[in-house]
Amino acid sequence: MRAPGSELPVQGLGHGDHVCLAFADDAEQRRVVTAYLSQGLARGERVLYFADRQDPATVLDWLRSAGARPEAAQASGQLRVLTAGAGYFPSGRFEGEPMVVTLRREVQESLQAGYTGFRVSGEMSWSLRGVPGTEQLSWYEREVTELFAGQPASALCQYDARLFDPEQLDTFERCHRGTVEADPLYEDALLRIVPSFLEGRRTVRVVGTVDYRTTGALAEALDTVLGWTGDVRVDMGALEFIDLAGLRALADSAGRFEPGRHLRVEGLAPLMCQVISVAGFDQQPGLVVIPAGGPA
């Protein structure tokens, strides 16, 4: 069983996983969903999808583009793509307990039909439209985590960060066994820079070493996230080392933020925070540095 809070690549998802995909662009959603569904079909699992903002026909096109044969899978009963309304609230009201019963039955029937397991994915944006019973959603998500634990089943729940506020995202992420890891902005033997969500807010995780070999990669990654809205959080809790040039890259990037926006560097070792102060980088108004163990 995964440890709570695990962050996993979509290719690593398997039986017993109930994970959250928080995404902020359509391309990321398509990449993860296509990989997740295609993998299930290839493994001989029965696959169920609940579409909301995306049209069911669009999801089928994603599968075709990945080389899957959704028509054949639909004809055999291996694949079903429904609207979220038909799946989550067919009566016009979301009812958590009957939905859990339905998923339990889906797992049992999938195995009885000879499939190797069951996987389901749903777009959760419907829950923001005032559907009666939506207040049960957190309870339902926690129950699915317990239901699928140790079972030949998995679930991928999709939350669009452009629609859900950070507090909502954080609440729903905590209901899942883990989250799906986004594609790294940069990755080599020394350094990984990965977009993520921390407490429901878009974050860049920096893992490894920033020195003369990787400072340029850090600067380029920070340039990429300048286009995000609001403050940008940089989680350096897993950073092993950063040199003066790397710290300067943080300050330079913060200097390109428009007034009122900040680059929030969190989890940095206290000694490195002192270096930032001695070098005068903390005079950059767009840079906020929060040492490891400090307030978020």
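Contact here means heavy atoms within 4.5 Å. The structure examined below is a predicted model.

**Exercise 1. The surroundings of Phe94**

Determine which residues Phe94 touches, leaving out residues up to four places away in sequence, and place Phe94 in the largest nonpolar core.

*Solution.*
Step 1. Apply the contact criterion to Phe94. The residues found are Tyr88, Phe89, Met99, Trp126, Val131, Pro132, Gly133, Gln136, Leu137 and Tyr140.
Step 2. Turn to the core. The largest nonpolar core has 31 residues, and Phe94 is listed with Tyr88, Trp126, Tyr140, Phe148 and Tyr159 as having the most contacts inside it.
Step 3. Identify the contributing elements. Those that give two or more residues to this core include strand 2 (18-23), helix 5 (96-112) and helix 6 (137-148). Helix 6 supplies the largest share, 5 residues.
Step 4. Consider the aromatic residues. Phe94 forms one aromatic cluster with Phe50, Tyr88, Phe89, Trp126 and Tyr140.

**Exercise 2. A pair of rings**

Classify the arrangement of the rings of Phe118 and Phe148, and state which elements the pair ties together.

*Solution.*
Step 1. The search of the whole structure finds 10 aromatic pairs. For Phe118 and Phe148, the ring centres are 6.5 Å apart and the planes stand at 85 degrees.
Step 2. Planes over 60 degrees apart count as edge-to-face; the pair is therefore edge-to-face.
Step 3. Phe118 belongs to strand 5 and Phe148 to helix 6, so the pair links parts that are 30 residues apart in sequence.
Step 4. Buried means under 20% relative accessible area. Phe118 has a value of 0% and is therefore buried; Phe148, with a value of 0%, is also buried.

**Exercise 3. The partners of strand 10**

Establish how strand 10 pairs with strand 9, strand 11 and strand 12, and explain why strand 10 is described as largely enclosed.

*Solution.*
Step 1. Strand 9 (residues 191-198) runs antiparallel to strand 10, and 8 bridges join them. Across this pairing, Ile193 stands opposite Val206. The two strands form a hairpin with 2 residues between them, and Glu199 in the turn has a positive phi of about 55 degrees.
Step 2. Strand 11 (residues 232-235) pairs with strand 10 in the parallel sense over 3 bridges, with Arg205 opposite Asp235. Together with helix 8 (residues 215-225), strands 10 and 11 make a right-handed β-α-β unit.
Step 3. Strand 12 (residues 239-242) is also parallel to strand 10, joined by 3 bridges; here Thr209 stands opposite Phe241.
Step 4. Of the 10 residues of strand 10 (residues 201-210), 7 are buried, so the strand is largely enclosed by the rest of the structure.

Notes: Residues are numbered from 1 along each chain as its sequence is written. This is a predicted model: local features need pLDDT of at least 70, side-chain atom pairs count only at pLDDT 80 or more; totals for chains, interfaces and linings use all residues. Side-chain values use heavy atoms; hydrogens and water are left out. A nonpolar core is a set of buried Ala, Val, Leu, Ile, Met, Phe, Trp, Tyr and Cys residues joined through side-chain atoms within 4.5 Å. Buried means under 20% relative accessible area, exposed over 50%, partly exposed in between (1.4 Å probe, protein chains only). Helices (H or I, at least four residues) and strands (E, at least two) are DSSP runs, numbered from the N terminus. Two strands pair if DSSP finds at least two bridges between them. A crossover is right-handed if, with the strands pointing away from the viewer, the path from the first strand over the helix to the second runs clockwise. Rings of Phe, Tyr and Trp (its six-membered ring) pair if their centres lie within 6.5 Å; planes under 30 degrees apart count as stacked, over 60 as edge-to-face and the rest as tilted.
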